Amino acid sequence: MDLVDGGRPVVLEAVERAAQESAAVIGRTVIAGVVNLAAEDPPAGVDCPQGHRARLAGVRPKTVRTLLGGFRLSRGYYYCDSCRRGFVPADERLGVVGTSLSPGLARACALAGAEMPYAKSGAFISTVTGLDLASASTISRATKTQGGRARDLISTELEAARPGGPAAAFTHLPDKCYVVMDGTGAPMLPRECEGRQGKTGERAGTREVKIGCLFTQTGVDPVSGQPLQDRGSVSYISTFEPAERFAHLVKAEYWRRGLDQIRQPIVLGDGARWIWNIADTKFPEATQIVDYYHAREHLADLTKLVTPLLDDPTSWEKTLADQLDLGDTSAIATAVDKLNLDQNAPALARPANTEVGYFTGNHHRMQYAEFLANSYYIGSGPVESACNTIVKQRAKRAGMHWTIPGLDPVLALRTLHQSHRDHTLWPTPQT
Ligand SMILES: [Zn+2]
């Protein structure tokens with residue numbers, strides 16, 4: 001058989017499409033059977049959820065939209081005189097109460113919507129299935145509904161978390177665990193930012209999302225000696241709520257995973273004050289580390305600031321970077337003192353002192369030589385990737401502006417997905 005026609009590989013493509021279509025025909029027959037079974041021959045009376053007797057008040061039509069297209073069905077609508085409520089048992093059996101989307105299509109819409117813009121999600125689903133299944137607004141609604149479920153599920157789990165963790169959390173106890181905390185601004189519609197400018201140091205037009213990233217580390221790379229994150233050990237927390245609530249959530253996630261059984265906890269973050277407040281109060285036993293690349297950025301900023309007073313800024317910065325590697329933050333303070341800014345450049349004295357304070361104030365969090373000797377992560381991959389993965393890749397694209405009720409469900413879905421925990425929201429059905 002010639003698989004190519006005029007240089008174009010056509011046979012596989014045609015067979016693939018035909019096979020998908022014939023599988024869909026079989027699938028539609030099976031689904032139609034299930035849908036009709038759920039709805040057929042409604043009895044005259046059934047028990048309501050409270051156990052009263054409810055009567056059949058009518059037979060009403062509904063279209064259920066599935067991954068294989070729409071199905072029209074007629075199902076019994078019941079009314080309970082005691083509860084004064086109507087309900088539809090067939091919808092409950094099919095998992096379509098208050099929605100026309102089947103559980104499978106709702107899941108596909110929500111996963112796509114959490115991953116890419118809604119219009120693109122619809123096009124993506126129709127390319128994969130060959131069917132025009134969901135508009136952008138359907139996907140947006142499904143994402144919000146499923147994301148709301150995800151947020152509720154995460155909250156319920158965390159409220160139930162207790163110290164000591166699940167006994168079976170680990171077959172081999174990892175040696176170290178990391179709690180990485182960071183914040184990033186999500187672009188908001190103006191009405192979400194009214195009266196908030198500057199309050200918490202956010203840029204106008206954004207609201208801060210706080211991200212927690214937790215993972216474990218047992219070994220180091222045998223070749224490079226670099227610390228190695230344990231495979232599949234990462235989980236995330238995300239919230240728009242203030243630091244106090246975030247602190248509670250991070251600690252609960254730590255407990256939920258049983259990380260409090262691990263010998264060496266480490267908190268990793270940039271210089272933000274709220275991060276170290278949480279570290280001090282919620283993780284007092286943890287070693288605190290300022291993200292190394294962040295510290296180097298501050299050193300570059302300081303160098304730029306005092307450049308007018310330096311003969312050779314590059315070597316000045318290099319010398320101090322070497323001292324920073326050794327954890328000698330006082331060398332930075334001494335080098336700035338020597339410039340005698342009060343005399344030589346009074347306007348620079350205050351900003352330079354602020355930068356110096358960043359180093360001296362974080363001295364114990366910058367003992368990089370010691371940290372490396374203990375095979376600790378000192379940054380910055382896990383710090384950066386936490387915000388990238390959960391927030392930036394979806395929410396911070398050109399032209400995007402969100403509301404909190406619009407974005408929070410997306411973040412909840414991404415949090416579960418990136419933590420490899422979709423199955424908690426959509427358990428595999430038993431057949
Ligand atoms: Zn009732």
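## A walk through the model

Select aspartate 47 first: it stands opposite arginine 53 in strand β4. Strands here are DSSP runs of E with at least two residues, helices are runs of H or I with at least four residues, and both are numbered from the N terminus. What you have open is a predicted model, in which local features need pLDDT of at least 70, side-chain atom pairs count only at pLDDT 80 or more, and totals for chains, interfaces and linings use all residues. To find your way, count residues from 1 along each chain as its sequence is written.

**Stop 1: the open sheet**

Now colour β3 and β4 (residues 53–66). Three bridges join these two strands, which run antiparallel. Two strands are said to pair if DSSP finds at least two bridges between them. Strands of a sheet pair through backbone hydrogen bonds, either parallel or antiparallel.

Add the other strands, and you have an open sheet of four with the order β3-β4-β5-β6 and antiparallel pairing. Which strands form the edges? They are β3 (45–47) and β6 (85–87), each of which pairs on one side only. Turn the view a little: neighbouring strands of this sheet are turned by 45° against each other on average, direction ignored.

Next, show helix α1 (residues 11–39), which packs on the sheet and touches β4 and β5 (69–80). Contact here means that the C-beta atoms of two residues, placed from the backbone, lie within 7 Å. The direction of α1 makes about 10° with that of β5. For such angles, axes are lines fitted to C-alpha atoms, for helices over the stretch in contact, and the angles run from 0 to 180 degrees between N-to-C directions.

**Stop 2: glutamine 20 and aspartate 41**

Stay with α1 and pick glutamine 20, which sits in this helix. Is glutamine 20 buried, exposed or partly exposed? With 13 other C-beta atoms within 10 Å, glutamine 20 is partly exposed. The rule is that a residue is buried if 20 or more other C-beta atoms lie within 10 Å of its own, exposed if 12 or fewer, and partly exposed in between, with C-beta atoms placed from the backbone. Try a distance too: the C-alpha atoms of glutamine 20 and glycine 58 are separated by 38 Å, and these residues are 38 apart along the chain.

Then move to aspartate 41, in the loop between α1 and β3. Aspartate 41 has a positive phi of about 40° although it is not a glycine. Most residues other than glycine have a negative phi. Aspartate 41 is exposed, with 7 other C-beta atoms within 10 Å.

**Stop 3: helix α4**

Select residues 118–129, helix α4. At 1.5 Å a residue, its 12 residues should span 16 Å, and its end C-alpha atoms are 17 Å apart, which agrees. The expected span is 1.5 Å times one less than the number of residues.

Which residues of α4 are buried? Tyr118, Ser121, Gly122 and Ile125 are. Look down the axis of α4: these buried residues fall within an arc of 100°, so they line one face of the helix. The arc is that of the directions from the helix axis to the C-beta atoms. An α-helix has 3.6 residues a turn, so residues three or four places apart point the same way. The buried residues of α4 pack against α3 (103–115) and α5 (136–160). Just after α4 comes glycine 130, with a positive phi near 75°.

**Stop 4: strand β7 and helix α7**

Go on to strand β7 (residues 176–187). Nine of its 12 residues are buried, so β7 is largely enclosed by the rest of the structure. On the antiparallel side of the story, 12 bridges join β7 to β8 (residues 206–220). With β11 (residues 264–269), β7 pairs in the parallel sense over five bridges. Click on cysteine 177 to see both pairings: its bridge partner in β8 is threonine 216, and in β11 it stands opposite proline 265.

Now show helix α7 (residues 273–282), whose buried residues are Ile275, Ile278 and Ala279. They cover an arc of only 100° around the axis, which puts them on the same side of α7. On the other side of α7, Arg273, Asp280 and Thr281 are exposed. The buried residues of α7 pack against β7, α6 (243–256), β11 and β12 (287–290).
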